[in-house]
Amino acid sequence: MTAPLTPPLTDPLNGQTADRAARRGPAVRLESVSKVYGHGTNGLLALDGVSLDVAPGEFVCLLGASGCGKSTLLSLVAGLDAPTAGTIEADRDRVAMMFQEPALFPWLTVSANVEMALRAKGVAKAERRSRAAEFLRIVHLDGFGGKRPHELSGGMRQRVALARALAQDADVLLMDEPFGALDAMTRDLLHDELERIWRERSLSVLFVTHNVREAVRLGDRVVLLSSRPGRVVRDFPVTLERPRRTDSAEVARQAAEITDRLREEVLRHGR
Ligand SMILES: Nc1ncnc2c1ncn2[C@@H]1O[C@H](COP(=O)(O)OP(=O)(O)OP(=O)(O)O)[C@@H](O)[C@H]1O
């Protein structure tokens with residue numbers, strides 16, 4: 001029998017995965033996206049003609065002055081709100097969001113918080129406890145499943161939020177200043193954890209931060225938005241070898257370059 005000239009799109013052992021990989025475009029695509037809050041003369045233009053792609057497996061950090069529309073952009077990608085103009089492509093079933101506040105249910109145990117996400121995904125009750133334990137192990141919280149959120153530190157609560165996001169079977173993580181409220185040491189540790197999980201699970205990440213060094217520490221690219229209305233001003237590729245250290249000279253150098261551009265942007269708008 002002769003082999004087919006073109007290989008089949010589906011792998012017989014794992015047809016779905018091969019098929020999906022073959023069809024994969026960007027994990028997230030925004031094309032000329034604008035967002036106006038309110039109407040008429042009271043309308044507020046938050047985003048103006050934003051085009052941005054996140055490739056599968058790419059880590060993109062979003063920076064910009066306060067109020068330039070970063071959170072708006074994430075909520076549009078998550079489908080929590082609709083753009084006024086333009087198009088957004090993202091597989092909403094595979095997207096999970098993380099905020100500065102971990103937003104856990106305080107009356108539920110850590111395990112039950114993660115199990116909620118599994119339940120929403122239709123995982124059978126009998127399997128949920130062991131699957132939750134597996135996700136907690138990934139974020140290095142083995143043995144903490146029976147605790148309540150108030151018994152954990154801020155960093156540990158964000159780990160639970162990360163485990164819950166992973167339990168949503170997400171391959172796109174939308175992160176809105178997830179480590180903004182943590183001390184520098186805890187943040188550093190979570191950078192390492194997130195980078196490891198991102199690589200192991202080939203996640204695509206869109207990460208909003210005010211911290212330029214954090215953006216350079218983590219991102220494959222740093223996208224700078226203008227002051228409101230948010231437009232893409234510049235896209236900085238970060239090619240430094242990983243893993244990076246937030247306090248390294250290389251990270252500091254690139255962060256200084258981006259900070260200069262960010263400062264220009266903020267001053268241009270008289271803030
Ligand atoms: N639901 C809403 N209704 C009306 N205006 C809104 C709404 N959400 C955000 N805005 C306004 O849109 C603009 C962009 O807000 P957004 O929160 O997206 O900015 P941001 O860049 O995330 O800000 P920050 O860096 O301070 O968190 C702001 O002027 C904000 O006040």
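I take strands to be DSSP runs of E of at least two residues, numbered from the N terminus, and I count two of them as paired if DSSP finds at least two bridges between them. The model I am reading is a predicted one.

**Entry 1: the hairpin and the three-stranded sheet**

With those terms I looked at the hairpin of strand 1 and strand 2, where 6 residues lie between the strands and Gly38 takes a positive phi near 80°. Strand 1 covers residues 28–37 and pairs with strand 2 in the antiparallel sense over 7 bridges. I looked up two of the facing residues: Leu30 stands opposite Leu52 of strand 2, and Lys35 has Leu47 as its bridge partner in that strand.

I then asked which strand else pairs with strand 1, and found that strand 4 is joined to strand 1 by 5 bridges, the two running antiparallel. Here Glu31 stands opposite Thr87 of strand 4. These strands make up an open sheet of 3 strands in the order 2-1-4, with antiparallel pairing. Its edge strands are strand 2 (44–54) and strand 4 (85–90), each of which pairs on one side only, and the twist from one strand to the next averages 25°.

**Entry 2: the six-stranded sheet**

I next turned to another open sheet, this one of 6 strands in the order 5-6-7-3-8-9, with mixed pairing. Strand 5 (95–98) and strand 9 (232–237) each have a single partner strand, so one side of each is left without a neighbour in the sheet. Neighbouring strands here are turned by 15° against each other on average, direction ignored.

Within this sheet I checked strand 3 (residues 59–63) and strand 8 (residues 221–225), which run parallel and are joined by 4 bridges. In that pair, Leu63 stands opposite Leu224 of strand 8.

**Entry 3: around the ligand**

Which residues are around the ligand? I listed Tyr37, Leu44, Ala46, Gly64, Ser66, Gly67, Cys68, Gly69, Lys70, Ser71, Thr72 and Arg228. The elements that give two or more residues to this shell are strand 2 and helix 2 (70–78), and helix 2 gives the most, with 3 residues. Sorting the shell by class, I have 4 nonpolar, 6 polar and 2 charged residues.

**Entry 4: helix 3 and its packing**

For helix 3 (residues 110–120) I noted Val110, Ser111, Asn113, Val114, Glu115, Ala117 and Leu118 as buried. The buried residues of this helix pack against helix 4 (125–138) and helix 5 (154–167). After helix 3 comes Gly122, whose phi is positive, near 85°.

**Entry 5: the nonpolar core**

I kept in mind that nonpolar side chains tend to be buried together in soluble globular proteins. In this model the largest nonpolar core has 67 residues, and those with the most contacts inside it are Leu62, Val114, Ala163, Leu173, Leu206, Phe207 and Val222. Helix 5 supplies the largest share of this core, 8 residues. Val114, which I had already noted as buried in helix 3, is thus met again here, among the core residues with the most contacts.

I followed Leu62 one step further and asked what Leu62 is in contact with, leaving aside its neighbours within four places in sequence. The contacts are Lys70, Leu73, Leu206, Phe207, Val208, Val223 and Leu225. Of these, Lys70 also appears among the residues around the ligand, while Leu206 and Phe207 are listed with Leu62 among the core residues with the most contacts.

Key
Residues numbered from 1 in each chain as written. Predicted model: local features only at pLDDT ≥ 70, side-chain atom pairs only at ≥ 80, totals over all residues. Axes fitted to C-alpha atoms, helices over the stretch in contact; angles between N-to-C directions. Near = placed C-beta within 6 Å. Nonpolar A, V, L, I, M, F, W, Y, C, P; charged D, E, K, R; others polar. Buried ≥ 20, exposed ≤ 12 C-beta atoms within 10 Å, placed from the backbone. Contact = placed C-beta atoms within 7 Å. Core = buried A, V, L, I, M, F, W, Y, C linked by C-beta atoms within 7 Å.
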